[in-house]
Amino acid sequence: MMESGAPTCHTCGEPVGLNGNGELFVACHECNFPICKPCFEYELKEGKKNCLRCGVPYDENLLDEVETKPPGNRSTMAGHLNNSQDLGIHARHVSSVSTVDSELNDDSGNPIWKNRVESWKEKKNKKKSTTKTKVEKEAEVPPEQQMEEKPSPDAAEPLSTVISVPKSRLRPYRIVIIMRLIILAFFFHYRITNPVDSAFGLWLTSVICEIWFAFSWVLDQFPKWSPVSRETYIDRLSARYEREGEPSELAAVDFFVSTVDPLKEPPLITANTVLSILALDYPVDKVSCYVSDDGAAMLTFECLVETADFARKWVPFCNKFSIEPRAPEFYFSQKIDYLKDKIQPSFVKERRAMKRDYEEFKVRVNALVAKAQKTPEEGWTMQDGTPWPGNNTRDHPGMIQVFLGRSGACDVEGNELPRLVYVSREKRPGYPHHKKAGAENALVRVSAVLTNAPYILNLDCDHYVNNSKAVREAMCFMMDPQVGRDVCYVQFPQRFDGIDRSDRYANRNIVFFDVNMKGLDGIQGPMYVGTGCVFNRQALYGYGPPSMPKLTKSSSSCSWCGCCSCCCPTKKPSKDPEELYRDAKREDLDAAIFNLKEIENYDDYERSMLISQMSFEKTFGISSVFIESTLMENGGVPESVNPSTLIMEAIHVIGCSYEEKTEWGKEIGWIYGSVTEDILTGFKMHCRGWRSLYCMPLRPAFKGSAPINLSDRLHQVLRWALGSVEIFLSRHCPLWYGFGGGRLKWLQRLAYVNTIVYPFTSLPLVAYCSLPAICLLTGKFIIPTLSNLASVLFLGLFLSIILTSVLELRWSGVSIEDLWRNEQFWVIGGVSAHLFAVFQGFLKMLAGIDTNFTVTAKATDDTEFGELYIIKWTTLLIPPTTLLIVNLVGVVAGFSDALNKGYEAWGPLFGKVFFAFWVILHLYPFLKGLMGRQNRTPTIVVLWSVLLASVFSLVWVRVNPFVNKTDSTNVVQSCISIDC
């Protein structure tokens, strides 16, 4: 065994050894990459003359030594492995404790490498002879026939293209941003150098708030510096991978649908999502749908049974008539001419029959929901009389049921259907479950064992497939050899149904999805938003991209934006020990796979046997089937696996103790540590050097439902903001995490910093929204009397803000109404949900008080926009209500004071009232939601708000602005002079 601390070869694990001068052998003097001399010589003979790590060419002196070495000294990788003295050291790649690897060991415990190497040699010779025969056969084929067999020109064309914003629109936008920065610098110079002595506290508070707002604007603005759009070519994808008369070569996709409580997330909505997946315009043998029931509800299981039965009729109907969307609830509720572009005479008849079948299906599902409203005392029982295993939702075994697919039922026309799998992971007391992130990781392992598609698409239960070609859109990126190699995921924008026409509470998030995400797509890629995302499975396993960025002294691209050359060298940042350890573990896994790929003609089973089983078990858990599946980059179930044992293995990998002492949730899969696991998971991938892409097809790929009433919307925003605070207080904070590798671009980091600091804007925002009322009640103001220069600065600032918004609307295509709704809800959420999230986050960190994960209720009211007017009591309503009342009282007090003082008071009043109306206008949608349809408001909200407003009113009375301040001695003297 090697001594502790001695450098080992990164390729074979042996000691690096010494050179001819008795010194430590160093192949690359640039990064000191550890590689022994035999492996180094093997690399050179294979034509690789650059360092494997940094890409710098090797020293010419070393190259000359190898070239002048006598040919008798054979030093290939195979020969290196054959040396008897090296057998024990190569145990780095083979575990001596795993039962899977026990067949490779002889009596002395050493792996029998010679037999393995000889098999590689034989395969290599066979390949050479096969290749030679193939070339001879091709030579016999006439040239005319060879021309016919050549692929079509479409096969060589790109499957997607980048559409940049025209320079005529982007250049003025950037100029205005720079001008606004300059104006802000002069503005703050004026504000700081001109304090208001009579209201120093108010002035200082306002300046601090304004500086924070400017900082937040910079974080939000600069990631939008280089926005791009993308266009896909589905016809080229079909021409390349779906040739007539040949099996489809499109990649398989595993769909994940997650649900928890069927009483809060109606099963009918989940059923529509599943049906839209099963009816996709994609080869049926390439689609598998996994439904995660994290609540172990028998209602979900029974509804899935009904869904599978109805799918046998629904899927062939969708494929026959090419309808859109393929979720029956939303298809039949469309208020359009459903006969448009339909030419088949039988369509009307079959549509009526299908609508009748769907209504009967709805009745059956509704009956199951009504039955589940009251749980029997003895618990639920299945049809065969056995108790339902999930009666105790916190203590139950893992459950898996395969409904459709090759082993399941076919459709009514006898055709195969996509596979549908019900999954409920095991839960036991005392084991952490990590909520949605844990459920998604369980689905990753189950799907890897059963189908192992190379790509994964996850959807929330209320997000159905609105575009049946959505997966093809994503494959135009993933399966493009020039684009897809370094892509970890393709994110689709979220679109919603059932939102009121004015989008009162900015549920659509148009500004984020149509502006911010396009800007990120021009840097390193959009963020992962939790649903509607197609993943590269290898990226979820914690591996780096195939073409890792080269960390050389002089890089051709800048880490700031990736589009300009660095003008000055920077020092290599130092890594903390914990990050070095994580990087080393990832490099070990990558290196192990890379080195085995260098040995030609191995099969996947041999590769899984040769990689260190112990190392993989510490990373992925104890499952040889799952570990073997992680090594199959192109997906598929290993041929060496016994199909009869797959279900038992799948049950094993969803056990509650499977993730113990592994890297699940830390480095691989969905990352734990925050209720917004989506941001954290995407951030980790970008830190490893992956890039993501944003796909916006003309027909929205997916649509979902959003909480449209005020209370549910605020609770949803509270959960998002709380997750951001949790990330800010964790080790994954973008302010300090991921600097070691240099793979995360700076503008991308700014965007992630913005996602975790925006809740803290609530503190200065609440203070700033309180300032107008305080100024009106006290008669003071935060700005001194304006000079001509100050007036120009304020005017320039307002104009730059307006111009930035106008030019942003021009290149993004977003309407001014959407932008205004976004601004309004930024204030509403900032003074309510974000404020509570900050305090809850710090309570969780300091006092260990954890907040419960609240599932947002999905809209099921039959009345159009019925839930918009529902008001549910929540403490989140108190701060904005108080701010509204206080500012309204302040406006009344200000006008009363001006009327009392006369003409001179109207000038200063204008600035204060304008400030107050700015707050009231931003909170106006909140006021409308608070009043409801019948102008009813919860009594407790009124009581709390009146109480807090009364406090400010008492302060105003104490100030007593209606009485002129006079000297008491003058009053006494005047009284004495009066002759009573």
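Colleague: Which helices do the buried residues of helix 26 pack against?

Modeller: Helix 6 (167–193), helix 7 (200–221), helix 15 (510–521) and helix 27 (816–830). Before we go on: this is a predicted model, where local features need pLDDT of at least 70 and side-chain atom pairs count only at pLDDT 80 or more, while totals for chains, interfaces and linings use all residues. Residues are numbered from 1 along each chain as its sequence is written, and side-chain values use heavy atoms, with hydrogens and water left out.

Colleague: How do I read "helix 26" and "buried"?

Modeller: Helices (H or I, at least four residues) and strands (E, at least two) are DSSP runs numbered from the N terminus. Buried means under 20% relative accessible area, exposed over 50%, partly exposed in between, with a 1.4 Å probe and protein chains only. The protein has 33 helices and 13 strands, and 51% of its 980 residues count as buried. In helix 26 the buried residues include Ala-790, Leu-793, Phe-794, Leu-797, Ser-800, Thr-804 and Trp-811.

Colleague: What length should I expect from helix 26, and what does the model give?

Modeller: The expected span is 1.5 Å times one less than the number of residues. With its 25 residues, helix 26 should span 36 Å, and its end C-alpha atoms are 36 Å apart, which agrees. Just after helix 26, Gly-813 takes a positive phi of about 80 degrees. You can run the check on helix 7 too: its 22 residues reach 31 Å from first C-alpha to last, close to the 32 Å expected.

Colleague: What covers the buried residues of helix 7?

Modeller: The cover includes helix 6, helix 24 (746–757), helix 25 (762–778) and helix 26. Among the buried residues of helix 7 are Trp-203, Cys-209, Glu-210, Phe-213 and Trp-217.

Colleague: Back to helix 26. Is Ser-800 buried or exposed?

Modeller: Ser-800 has a relative accessible area of 5%, so it is buried. For contacts (heavy atoms within 4.5 Å), leave out residues up to four places away in sequence, and Ser-800 touches Val-176, Arg-180 and Ile-183. Ser-800 and Leu-184 are 616 residues apart in sequence, yet 9.7 Å apart in space, C-alpha to C-alpha. Over the protein, 79% of contacts between residues at least 6 apart in sequence join residues at least 24 apart.

Colleague: And which residues make the nonpolar patch at the surface?

Modeller: A patch takes residues with over 30% relative accessible area and no salt bridge, joining like charges within 9 Å and nonpolar side chains (Val, Leu, Ile, Met, Phe, Trp, Tyr) within 5 Å. Here Leu-795, Leu-799, Ile-802 and Val-806 make one of about 380 Å². Ile-802 belongs to helix 26 (residues 788–812), and at 52% relative accessibility Ile-802 counts as exposed.

Colleague: How many salt bridges are there?

Modeller: The count is 23, taking a side-chain nitrogen of Lys or Arg within 4 Å of a carboxyl oxygen of Asp or Glu. Look at Asp-294, which bridges to Arg-425 with the closest N and O atoms 2.7 Å apart. Asp-294 sits in the loop between strand 4 (287–293) and helix 10 (298–321), and Arg-425 in the loop between strand 6 (419–424) and helix 13 (435–450), so the pair ties together parts 131 residues apart in sequence. Both Asp-294 and Arg-425 are buried. Asp-294 also forms a salt bridge with Lys-427, at 3.6 Å between the closest N and O atoms. That pair links parts of the chain 133 residues apart, and Asp-294 and Lys-427 are both buried. Glu-426 and Arg-428 meet in a salt bridge as well, at 2.9 Å from N to O. Arg-428, at 26% relative accessibility, counts as partly exposed.

Colleague: Which residues have the most contacts inside the largest nonpolar core?

Modeller: Think of a core as buried Ala, Val, Leu, Ile, Met, Phe, Trp, Tyr and Cys residues joined through side-chain atoms within 4.5 Å. The largest has 134 residues, and Val-446, Phe-535 and Phe-626 have the most contacts inside it. Helix 6 gives the most to this core, with nine residues. Another core, of 76 residues, lies apart from it and includes Phe-317, Met-399, Leu-459 and Met-478. As for Phe-626, its contacts beyond four places in sequence include Val-444, Tyr-541, Phe-620 and Trp-664.

Conventions. Areas by Shrake-Rupley, 256 points an atom, 1.4 Å probe, with all protein chains shown as cover.
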